[in-house]
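Reader: I have a model open and would like to talk through the reasoning behind its labels. Could you take me through them?

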Amino acid sequence: MKFESKFLKIFSTSSAAELGAKICRKVNVAPGKLTTKKFACGERYVQIGESVRGCNCFVISTATANVDSDLFELFLTIDALKRSLAKYIHVVIPHFGYARQDRIADPREPISAKLVANLIEAAGAKHVITFDLHSDQIQAFFEKPVDNLTAQKLFLDYFSRKKLRNAVVVSPDAGGAKKAEKFAKLLG
């Protein structure tokens, strides 16, 4: 049975609607009312459809297929919650867009991961929960608390049960090489 919590609200952006619905079912909280749409010119529109005054609000979002659009919808949702006087805004973002650009590798490049972190905070987020960031240093791009959760133990358990011999762990790029090396050592 669902209940309407006076102090806890969970909202999902369009990029994470299915995940948000599953989380709401799991924790037995009614999904927050959030209207999102696109204008003909491509601009995003967001409206919170219920009172969030004094509430702890979680925003479930991700940045995958349409990274720029997904992130902007997230920024607008956070801003709408802030302007609706939410007490605390937690952002749950399983895939952190622009995480690969976490340093300057060549002259005149941006540090895009830092910019995204700044924009999430500027919009009004007070806490970020993410998963397996491209590099751990991204946590330091935030002034607010960040929980970088990992699925490493699940994968270790899975591959350990397989009892693979001569397994090889690879990384798609240099940014993940340290994680791949650590995983290989843990796997033996």
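Reader: Why is Asp-79 called partly exposed?

Author: Happy to start there, with the reminder that this is a predicted model. Asp-79 has 21% relative accessibility. Buried means under 20% and exposed means over 50%, so Asp-79 at 21% counts as partly exposed.

Reader: What makes Asp-79 and Lys-82 a salt bridge?

Author: The N to O distance between their side chains is 3.7 Å. The cut-off is within 4 Å, so the pair qualifies as a salt bridge. Both residues lie in helix H2, three residues apart, which is about one turn of the helix. Lys-82, at 35% relative accessibility, also counts as partly exposed.

Reader: And what about Lys-22 and Glu-18: which class of accessibility does each fall into?

Author: Lys-22 has 45% relative accessibility and counts as partly exposed. Glu-18 has 58%, and since exposed means over 50%, Glu-18 counts as exposed. Their side chains meet in a salt bridge at 3.5 Å, N to O. The two are four residues apart in helix H1, so about one helical turn separates them.

Reader: How do you know that Lys-153 forms a salt bridge with Asp-157?

Author: Their closest N and O atoms are 3.1 Å apart, and the limit is within 4 Å, so the pair counts. These two lie in helix H4 (residues 152-162), four residues apart. Lys-153 is exposed at 56% relative accessibility, while Asp-157 is partly exposed at 31%.

Reader: Which residues do salt bridges with shared partners join into one network?

Author: Asp-79, Lys-82 and Arg-83 are joined that way. By the rule used here, the count comes to seven salt bridges.

Reader: On to the sheet. What makes E1 and E4 paired strands?

Author: Pairing needs at least two bridges, and E1 (residues 8-12) and E4 (residues 56-60) share five, so they count as paired, in the parallel sense. One of the bridges has Leu-8 with Asn-56 as its partner in E4.

Reader: How do you know that E5 and E6 pair?

Author: Four bridges join E5 to E6 (residues 127-131), against a minimum of two, so the rule is met. In E6, Thr-130 is the bridge partner of Ile-93.

Reader: Why are E1 and E7 described as standing at the edges?

Author: The open sheet has the order E1-E4-E5-E6-E7, with parallel pairing. E1 and E7 (146-149) each have a single partner strand, so one side of each is left without a neighbour in the sheet. From one strand to the next, the twist averages 15°.

Methods: Residues are numbered from 1 along each chain as its sequence is written. This is a predicted model: local features need pLDDT of at least 70, side-chain atom pairs count only at pLDDT 80 or more; totals for chains, interfaces and linings use all residues. Side-chain values use heavy atoms; hydrogens and water are left out. Axes are lines fitted to C-alpha atoms, for helices over the stretch in contact, and angles run from 0 to 180 degrees between N-to-C directions. Buried means under 20% relative accessible area, exposed over 50%, partly exposed in between (1.4 Å probe, protein chains only).
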